[in-house]
Amino acid sequence: MRKILLLALVGLGAQLVDGSLGMAYGVTSTTLLLAVGVHAAAASATVHLAEIGTTLASGAAHWRFGNVDAKVVARIGIPGAVGAFAGATFLSSLSTDAAAPIVSLILLTLGSYLLVRFTAFGLAKGNVGKPLRRRFLGPLGLLAGFVDATGGGGWGPIGTPAILASGRLEPRKVIGSIDTSEFLVAVAASLGFLLGIGAENVNFGWVAGLLVGGVVAAPVAAWLVRMVPPRVLGSAVGGVIVLTNSRTLLRSDWFDAPATVRYGCYVVVCAIWAAAVTYSIRQHQREQQQPSRSVTADRPRSK
């Protein structure tokens, strides 16, 4: 019972992050399950079964707050479901640890780009409103769905930065659309895992714990993403991606860095991330003050 309550708290925290930043529910939850010795396929299956409920609740909340682009959901969600089913059946018989550093390096590059772009320049408004094409969203969904199922997470970390980097959709709608389309991915991945490893290898008590916590947090996260300014949100997302994937790379066979080096790098990344978010907040405040200053300047002075 204590473990289920702990999982409910993890699900709540993970969904708050995922629903407001568009990523990290799967990564956070899967990491905990792997830490207690759950097999990779069983851990990913547990998380994806819980995500059927959490993504449904999150998608409904985002839709209510106007954070969803229905065309983007369909164009990325359907290929994502295909990729997730393939990834689930693949992971059921094969480990993908060797691919983790490569994926993390790609994500680290995307995260660094987003962190610099949103912190220094804010949201690029030149492309906002332009349609996202199927030839971009289709392959992206296929790749993100496959990685999500095989790695226990990855739909948000791959889909969110890639669409944000296009500059064609404002951050809150990117996050809302990614969270909503993840429902299709979760259903397809769960079906693949149940066919691959069988229901007897899944602890449905743990699924329930993650599910309850996630459903409670979903509407709060959907409201939160609407309140956070795009520039600040972009810097926050970039920092999450950089920190998460730096950790993966430093602990991989490529580097196998000692603990002192790893923690030193974490401190540096966190310091840069905090400074970036602080700078973004200050720049947003200045941008908000500029219209009022111009209005004051235009008023005729009384004699």
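1. Phe146 has a relative accessibility of 29% and so counts as partly exposed, since that class runs between the buried limit of 20% and the exposed limit of 50%. The model under review is a predicted one. Phe146 is a convenient entry point, as the next points show.

2. How many aromatic pairs does a search of the whole structure find? The search finds two. One of them joins Phe90 and Phe146, with 5.8 Å from centre to centre and 40° between the planes, and the pair is classed as tilted. Phe90 belongs to helix α4, residues 70-91, while Phe146 belongs to helix α6, residues 134-151, so this pair ties together parts of the chain that lie 56 residues apart in sequence. Phe90 is partly exposed, at a relative accessible area of 33%.

3. The other pair is formed by Tyr263 and Tyr266, whose ring centres are 5.6 Å apart and whose planes meet at 85°, which makes the arrangement edge-to-face because the angle is over 60 degrees. Both tyrosines sit in helix α11, which covers residues 259-298, and they are three residues apart, about one turn of the helix. Is each ring buried or exposed? Tyr263 has 51% relative accessibility and counts as exposed. Tyr266 is buried, at a relative accessible area of 13%.

4. Tyr263 has a further partner, Arg262, which lies over the face of the tyrosine at 5.9 Å from the ring centre. Arg262 is also placed in helix α11. An arginine is found over a ring at another site too: Arg64 lies over the face of Phe65, at 6.0 Å from the ring centre.

5. The surroundings of Arg262 deserve a closer reading. Arg262 is buried but has no salt bridge. Which side chain of opposite charge is nearest to Arg262? That side chain is Asp256, 5.6 Å away; a salt bridge would need the atoms to be within 4 Å, so the distance does not qualify. A polar atom of the Arg262 side chain does lie 2.8 Å from the backbone oxygen of Ala257. Leaving out residues up to four places away in sequence, Arg262 touches Leu250, Arg251 and Ala257.

6. Asp256 is itself worth checking. Its place is in the loop between α10, residues 230-250, and α11. With 57% relative accessibility, Asp256 counts as exposed. Asp256 is not a glycine, yet its phi is positive, about 45°. Most residues other than glycine have a negative phi.

7. Ser58 offers a contrasting site. Ser58 lies in helix α3, residues 40-64, and its relative accessibility of 1% places it among the buried residues. How far apart are Ser58 and Pro219 in sequence and in space? They are 161 residues apart in sequence, and their C-alpha atoms are 6.5 Å apart.

8. The chain as a whole can be described briefly. It has 11 helices and zero strands, and read from the N terminus its elements run α-α-α-α-α-α-α-α-α-α-α. Of its 303 residues, 48% count as buried. Among contacts with a separation of 6 or more, residues 24 or more positions apart account for 84%.

Terms used
Residues are numbered from 1 along each chain as its sequence is written. This is a predicted model: local features need pLDDT of at least 70, side-chain atom pairs count only at pLDDT 80 or more; totals for chains, interfaces and linings use all residues. Side-chain values use heavy atoms; hydrogens and water are left out. Rings of Phe, Tyr and Trp (its six-membered ring) pair if their centres lie within 6.5 Å; planes under 30 degrees apart count as stacked, over 60 as edge-to-face and the rest as tilted. Helices (H or I, at least four residues) and strands (E, at least two) are DSSP runs, numbered from the N terminus. Buried means under 20% relative accessible area, exposed over 50%, partly exposed in between (1.4 Å probe, protein chains only). A charge sits over a ring if NZ of Lys or CZ of Arg is within 6 Å of the ring centre and within 35 degrees of the ring normal. Lys and Arg count as positive and Asp and Glu as negative; His and the chain ends are not counted. A polar contact is a pair of N or O atoms within 3.5 Å; within protein, one must be able to donate a hydrogen and the other to accept it, and residues adjacent in sequence count only if both atoms are side-chain atoms. Contact means heavy atoms within 4.5 Å.
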